[in-house]
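Visitor: Hi, I'm new to this one. Can you put it on screen and walk me through it?

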Amino acid sequence: GSGLTVAMTRPLRLAHRGDWRRAPENTLPAFLAALRVPGCDGLEFDVRIAADGVPVVVHDETLDRVQRRPERVAELTAAALAELAVPDLAAVLAGVPRDVFLDIELKGNPGPAAVEVIAAARSSDRGLSRAVVSSYEPSTLEAVASSRPAWPRWLNVDDLEPATVALAVELACTGVSADWRAIDPGSAARVAAAGLDLAAWTVRRPSTYRRLTRLGVVAICAEATALDRGGAA
């Protein structure tokens, strides 16, 4: 079954790690800046586990690229990370409106803690309210499915070869989120035939956005001018 059962006339426009032009990526200021962009429907962000087991919102294993520091995320507590502008997941979920759509990407094995925090903020009678959990790692998606089988899950993928689509079906995912370069009429049809939703990452150009919209994707992780203008000319 589809994770996005609402009738959709256009893809959800999700800000990739927030609007990192206006604040550091994966921070609450970046997320709130993105949600002020007209036509932005929601956010995509990444979750890892701090040294004390608290889920935090950060993409990389280390703080080198964004914070310009040498430490690894897994070496620091959530409190220490918060001082370095790495927010904890609970704070992010509390700080963004409940009606915005979230693609919550789990990095590595986040353990039960991340699931519990997401459940506290976004659980609903049907599973999750306006959110999907995604991951590259089958074991992570299996762990989520075992404790929260009703939650919509996307397998993040670099390609849409038959074996990749088959893996998403085997994992009982509701969709796949693919590198936009892998999406063409043939691969989009293959995903649809498997009964899966198709999302795309990470789009920077409105022309790419328009092409993907015509191919029937349900969500597009966007940044730069694609975030501002979506499919507008």
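Guide: Let's begin with charges: a search of the whole structure finds 14 salt bridges, a salt bridge being a side-chain nitrogen of Lys or Arg within 4 Å of a carboxyl oxygen of Asp or Glu. Keep in mind that this is a predicted model, where local features need pLDDT of at least 70, side-chain atom pairs count only at pLDDT 80 or more, and totals for chains, interfaces and linings use all residues. Residues are numbered from 1 along each chain as its sequence is written, and side-chain values use heavy atoms, with hydrogens and water left out.

Visitor: Okay, which residue does Asp19 form a salt bridge with?

Guide: That's Arg22, with the closest N and O atoms 2.3 Å apart.

Visitor: And is Asp19 buried or exposed?

Guide: Asp19 counts as buried because its relative accessibility is 2%, while Arg22 counts as exposed at 55%. The cut-offs are under 20% relative accessible area for buried, over 50% for exposed, and partly exposed in between (1.4 Å probe, protein chains only).

Visitor: What about Asp228, where does its salt bridge partner sit?

Guide: The partner of Asp228 is Arg21, the closest N and O atoms being 2.8 Å apart. This pair links distant parts of the chain: Asp228 is in helix α10 (residues 224-229) and Arg21 is in the loop between β1 and α1, 207 residues apart. Helices (H or I, at least four residues) and strands (E, at least two) are DSSP runs, numbered from the N terminus. Asp228 is partly exposed at 31%, and Arg21 is partly exposed too, at 35%.

Visitor: Which residues are linked in a network of salt bridges?

Guide: Those are Arg17, Glu25, Asp46, Asp60 and Arg65. Arg17 belongs to the loop between β1 (12-16) and α1 (28-35), and it counts as buried because its relative accessible area is 13%.

Visitor: Anything odd about the backbone there? What's the phi of Arg17?

Guide: Phi of Arg17 is near 60 degrees, a positive value in a residue other than glycine. Most residues other than glycine have a negative phi. Arg68 also has a phi near 60 degrees. Arg68 lies in the loop between α2 (64-67) and α3 (78-83), and counts as exposed at 67% relative accessibility.

Visitor: Switching topic: which charged side chain is nearest to Asp103 with the opposite charge?

Guide: That's Lys107, 10 Å away, and Asp103 is buried yet has no salt bridge. For charge, Lys and Arg count as positive and Asp and Glu as negative; His and the chain ends are not counted.

Visitor: So what does the side chain of Asp103 make a polar contact with?

Guide: With the side chain of Ser134, at 2.7 Å. A polar contact is a pair of N or O atoms within 3.5 Å; within protein, one must be able to donate a hydrogen and the other to accept it, and residues adjacent in sequence count only if both atoms are side-chain atoms. Asp103 itself is in strand β4 (residues 101-106). Not counting residues up to four places away in sequence, Asp103 touches several others, including Leu14, Phe45 and Trp154, where contact means heavy atoms within 4.5 Å.

Visitor: And Arg153, where is that?

Guide: Arg153 is in strand β8 (residues 153-157). Arg153 is buried yet has no salt bridge, and the nearest side chain of opposite charge, Glu142, is 9.5 Å away. A polar atom of the Arg153 side chain lies 3.4 Å from the backbone oxygen of Pro149. Among the residues Arg153 touches are Ala145 and Leu171.

Visitor: How far apart are the C-alpha atoms of Ala145 and Leu171?

Guide: They are separated by 8.5 Å, and the two residues are 26 residues apart along the chain. Ala145 is in helix α6.

Visitor: Last one, the big picture: how many helices and strands does the protein chain have?

Guide: The protein chain has 10 helices and 11 strands. Its radius of gyration is 17 Å, close to the 17 Å that the globule rule gives for 233 residues, so the chain is as compact as a globular protein of that length. That radius is taken over C-alpha atoms, and the globule rule is 2.2 Å times the number of residues to the power 0.38. Buried residues make up 52% of the 233 residues.
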